[in-house]
Amino acid sequence: KLEMDYNIGDIKAAYHVAGVSTGCTVLLKTDIRFLGLFDNKGYGNNVLQAHVDVLSELIDLSVGTLVVSTSSTNLSNTDITFDIHNTPSERGVLTEFIRQLPGAVRSFHPFHSYAAIGKDAESIVSNVSRHAFGFETPEERLINMNALCVSVGLPVTATCTTVHHVEFLIGVPYRYTKEFLHPVLRGDSVRYELFYMYVHYRQCELNRNRGVKIFQEFYNQGHKVQEAILGRGMVYSYSLSEFYKSTMNAFKKDIYVWLDQPPVTRPYRV
């Protein structure tokens, strides 16, 4: 075993430290490339199955739920049909692996879908809004369930989409709702249907700080991000509902908190 290899026991220890436990609803964000090599001695299955086996055991999918983003934003502004069963996830190999698990279900949005498996999978991803964020989206339901957001291999500032949900609800001026007429597969037939994304004005100079100020507010409110070493990388976790509340507070103080500074060009200003 090389010094920086990790094995099935290391995976279990890291997720345990991150707070993954029986009955949890876990929103998993991953890029396992940053973890290094997986030592599969004594474990016949591959690294993707190893992560899923550990998470399934710790959560117990009969009482908890595992959720991943399976976004396919590259479909936007194309004529490529969204097929809920076959359109691949663009959020990493582990999310695509989970999407294809027996019993996994997926929300119906051609650009911003989620897949879930476990006790509350259907209630999280079924009958959703045609918007990416806001009311009756998986993001809102996960916040209301106080899901544990677990980021594997990437820092939390690189994987947090809840900030865009807050931007949508609070109505940041540098974004607007854009309508897409997109082909989707319904049963055996392809239909063109309307879906919505919350996009930013191209004219604005958006210098993003990648959530640095937003997470600083999270820490200032007394909240914590749990950390665990796994291989050459890290596993991070935090409460989605706590983050939502503190981020809403941050935007109420400063509507441009997601940016380094307010944009100079403001096409939305009267």
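**Note on helix packing and internal spaces in a predicted model**

1. Helices H1 and H2 cross in a right-handed sense. The model is a predicted one, and the points below describe three helix pairs, a pocket and a cavity in turn. Helix H1 covers residues 8-17 and helix H2 covers residues 47-59; their axes come within 10 Å and cross at roughly 45 degrees. An angle between 35 and 65 degrees falls in the oblique class, and H1 and H2 are therefore oblique to each other.

2. The side of H1 that takes part in this contact consists of Ile8, Ile11, Lys12, Tyr15 and His16. From H2, the partners are Ala50, His51, Val54, Leu55, Glu57 and Leu58. By class, the residues of the contact between H1 and H2 are seven nonpolar, two polar and two charged.

3. A second pair is formed by H7 and helix H9, the latter spanning residues 240-253. Their axes lie 10 Å apart, and the packing angle is about 45 degrees. That angle makes H7 oblique to H9. The crossing of H7 and H9 is right-handed.

4. On the H7 side, the residues that meet H9 are Thr162, Val163, His165, Val166, Glu167, Leu169 and Ile170. H9 contributes Leu240, Phe243, Tyr244, Thr247, Met248, Phe251 and Lys252. The residues of this contact of H7 with H9 comprise nine nonpolar, three polar and two charged.

5. H9 also packs against H8, with an angle of about 115 degrees and axes 9 Å apart. The crossing of H8 and H9 is right-handed. H8 supplies Ile214, Phe215, Glu217 and Phe218 to the contact. These residues meet Glu242, Phe243, Ser246, Thr247, Asn249, Ala250, Phe251 and Lys253 of H9. Six nonpolar, three polar and three charged residues make up the contact of H8 with H9. Phe243, Thr247 and Phe251 of H9 appear in the contact with H7 and also in the contact with H8.

6. The largest pocket encloses about 1,200 Å³ of space. Its lining comprises 44 residues, and those closest to the pocket centre are Thr73, Arg91, His112, Thr161 and His164. Several elements give two or more residues to this lining: strands S1 (25-30), S6 (175-186) and S7 (189-200), together with helices H3 (93-99), H6 (156-159), H7 (162-170) and H8 (212-220). H7 and H8 thus enter this note twice, as elements of the pocket lining and as partners of H9. By class, the pocket lining holds 19 nonpolar, 15 polar and ten charged residues.

7. How many cavities of 30 Å³ or more does a search of the whole structure find? The search finds one. The volume of the largest cavity is about 30 Å³. Its lining is made up of Ser107, His109, His112, Tyr114, Val128, Ser129, His131, Ala132 and Pro138. Four of the lining residues are nonpolar and five are polar, while none is charged. His112 lines this cavity and is also among the residues closest to the centre of the largest pocket.

Conventions:
Residues numbered from 1 in each chain as written. Predicted model: local features only at pLDDT ≥ 70, side-chain atom pairs only at ≥ 80, totals over all residues. Heavy atoms only, no water. 1 Å grid on protein atoms, 1.4 Å probe; cavity = no way out; pocket = protein on both sides within 12 Å on 5 of 7 lines; lining within 4 Å. Points joined across faces, edges and corners; volume = space filled by probe spheres on them. Helix = DSSP H or I, 4+ residues; strand = E, 2+ residues; numbered from the N terminus. Nonpolar A, V, L, I, M, F, W, Y, C, P; charged D, E, K, R; others polar. Axes fitted to C-alpha atoms, helices over the stretch in contact; angles between N-to-C directions. Parallel < 35°, antiparallel > 145°, perpendicular 65-115°, else oblique. Left-handed = near helix turned anticlockwise from the far one by under 90°. Contact = heavy atoms within 4.5 Å.
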